Every structure is written in C-alpha cells, then in structure tokens.
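Work through the following exercises with the sequence and the structure at hand. Each task is followed by a solution in steps.

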Amino acid sequence: MSHQGFDTASDALTFLTAGNATVTITSAKTGQHFTFKAKKPTLTTERGGKTRDFDATIVFVDGLHGDPSNWEDWHNVGFFFVDERGVSPLRRSKKVTGPKSDSFVALEWTLRQLVAGNLPEQVTIEHSGSCCRCGRTITHPDSLARGIGPECAKHF
C-alpha cells in the first residue's frame, strides 16, 4: 500500500472529515503507528440502499488493531464533530477502544494539533491512496497529493 503525507494541517483535517478516510499516524520518536478509518454515518435511500451522509457533522473513527496484515480487525475508537473536533469515546459495541488506549490518545492529540493549525513534526500523517470521500483507489499524482479524486473534489 502506498502512502501519501499531508503538507498542511488544513489538508489533513479536510481529509479526515470528508466522509470515508483511511489514515495512518506514525510517531517519529517510537515508530509506533495507528491506522484509522474516519467515516460519516450512512443514510438509507428511498430504494433501501445505503449512502454516506456527507452533510453530517459527526465523524465516527475505527482503529485497526492487532496484526497489521489483518485488515479486518477494526475496533471503535470514538467520534468527533466536524465543527468541534474533540474526540469522544463511543460505547456502542463490544469492540471498543477506551479513552486511555494508545490509539485513542494518539488520535485525540493529533486532532487537537491539527485544529490548532499545527502539522506536528512528532508524527507522520498519511492517507492510504484512497479517496477520502468515496473510498475508491486513486492513482493520478495530483489526486494522490490531495487524497481526493477529481469527481469528489468538485463537492468541496
């Protein structure tokens, strides 16, 4: 999986709040890393299907745990509101990460830094090469640099 970093705190925040983002945060000091999925809730369509609610102000965050090769071991880390961006724990399922867990603390600290306009040197924040809005794989260098495909970028 190729990874792309962000140039500004604003770029990283836009990516995290777009609706379907996968991001990895790596500590420069320890090398420890956490992979998160930040998703807006889904709505049921008139035909009974599901679609992402891109207008929602809440973002739910899951973290990848265990063996990094196991792409299925996701646990709920918490949620944040787009306008507030303070992470809160969520206790709706049995696979929940507590507020004292390393992944929760890393997400909360990083989000606070980004909201303050700081792209912290202590961590690397990278996206997975997928569009932060629709989740499709992106390949064009300009789209990879932004973390969003050309069609989805029209919505911002």
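A residue is called buried when its relative accessible area is under 20%, exposed when that area is over 50%, and partly exposed in between. The structure used here is a predicted model.

**Exercise 1. The order of elements**

Task: State how many helices and strands there are in the protein, and in which order the elements run.

Solution.
Step 1. Counting the elements gives 4 helices and 8 strands.
Step 2. Read from the N terminus on, the order is β-α-β-β-β-β-β-β-α-β-α-α.

**Exercise 2. Burial of strand 2**

Task: Determine how many residues of strand 2 are buried, and which residues lie on each of its sides.

Solution.
Step 1. Begin with the whole protein: 43% of its 156 residues count as buried.
Step 2. Turn to strand 2, which is mostly covered, with 8 of its 8 residues buried.
Step 3. Recall a general rule: along a regular strand, side chains alternate between the two faces of the sheet.
Step 4. Sort the residues of strand 2 by side. One side holds Asn20, Thr22, Thr24 and Thr26, and the other holds Ala21, Val23, Ile25 and Ser27.
Step 5. Since the residues on both sides are all buried, both faces of strand 2 are covered.

**Exercise 3. The partners of strand 2 and strand 3**

Task: Identify which strands pair with strand 2 and strand 3, and in what sense.

Solution.
Step 1. Strand 2 pairs with strand 3 (residues 33–39) in the antiparallel sense, over 7 bridges.
Step 2. Two residue pairs illustrate this pairing. Thr22 stands opposite Lys37 in strand 3, and Ile25 has Phe34 of strand 3 as its bridge partner.
Step 3. The hairpin of strand 2 and strand 3 has 5 residues between the strands, and in this hairpin Gly31 takes a positive phi near 80°.
Step 4. Strand 2 also pairs with strand 8 (residues 123–127), again in the antiparallel sense, over 5 bridges. Here Ser27 stands opposite Val123 in strand 8.
Step 5. Strand 3 pairs in the antiparallel sense with strand 6 (residues 58–64), over 4 bridges. The bridge partner of Phe36 in strand 6 is Gly63.

**Exercise 4. The buried side of helix 1**

Task: List the buried residues of helix 1 and explain why they lie on the same side.

Solution.
Step 1. In helix 1 (residues 9–16), the buried residues are Ala9, Ala12, Leu13, Phe15 and Leu16.
Step 2. Around the axis they cover an arc of only 160°, and therefore they are on the same side of helix 1.
Step 3. Take Leu16, whose place is in helix 1. Leu16 counts as buried because its relative accessibility is 8%.
Step 4. Compare sequence and space for Leu16 and Lys37. These residues are 21 residues apart along the chain, and their C-alpha atoms are separated by 8.6 Å.

**Exercise 5. The largest cavity**

Task: Describe the lining of the largest cavity by residue, by element and by class.

Solution.
Step 1. The structure holds 1 cavity of 30 Å³ or more, and about 30 Å³ of space lies in the largest cavity.
Step 2. The lining of the largest cavity consists of Leu16, Val23, Ile25, Leu107, Thr110, Leu111 and Ile125.
Step 3. Strand 2 (20–27) and helix 2 (102–115) each supply at least two residues of this lining. The largest share, 3 residues, comes from helix 2.
Step 4. Sorted by class, the lining has 6 nonpolar, 1 polar and no charged residues.

**Exercise 6. Cysteines and disulfides**

Task: Find how many disulfides there are, given that the two cysteine sulfur atoms must lie within 2.5 Å.

Solution.
Step 1. By this rule the count is 0 disulfides.
Step 2. Check Cys132: its nearest cysteine sulfur, that of Cys131, is 5.1 Å away, and Cys132 is in no disulfide.
Step 3. Check Cys134: the nearest cysteine sulfur is that of Cys131, 3.8 Å away, and Cys134 is in no disulfide.
Step 4. Classify both residues by accessibility. Cys132 counts as buried because its relative accessibility is 2%, whereas Cys134, at 31%, counts as partly exposed.

**Exercise 7. A residue of helix 4**

Task: Decide whether Ala153 is buried, exposed or partly exposed.

Solution.
Step 1. Ala153 is found in helix 4 (residues 150–153).
Step 2. Its relative accessibility is 25%, so Ala153 counts as partly exposed.
Step 3. As for its surroundings, Ala153 and Ser143 are 10 residues apart in sequence and 8.9 Å apart in space, C-alpha to C-alpha.

Methods: Residues are numbered from 1 along each chain as its sequence is written. This is a predicted model: local features need pLDDT of at least 70, side-chain atom pairs count only at pLDDT 80 or more; totals for chains, interfaces and linings use all residues. Side-chain values use heavy atoms; hydrogens and water are left out. On a 1 Å grid over the protein atoms alone, a cavity is a set of points where a 1.4 Å probe fits but cannot get out, and a pocket is an open set with protein on both sides within 12 Å along at least five of seven lines; lining residues have an atom within 4 Å of a point. Grid points are joined across faces, edges and corners, and a volume is the space filled by probe spheres set on the points. Ala, Val, Leu, Ile, Met, Phe, Trp, Tyr, Cys and Pro count as nonpolar, Asp, Glu, Lys and Arg as charged, and the others, Gly among them, as polar. Buried means under 20% relative accessible area, exposed over 50%, partly exposed in between (1.4 Å probe, protein chains only). The arc is that of the directions from the helix axis to the C-beta atoms. A disulfide is a pair of cysteine sulfur atoms within 2.5 Å. Two strands pair if DSSP finds at least two bridges between them.
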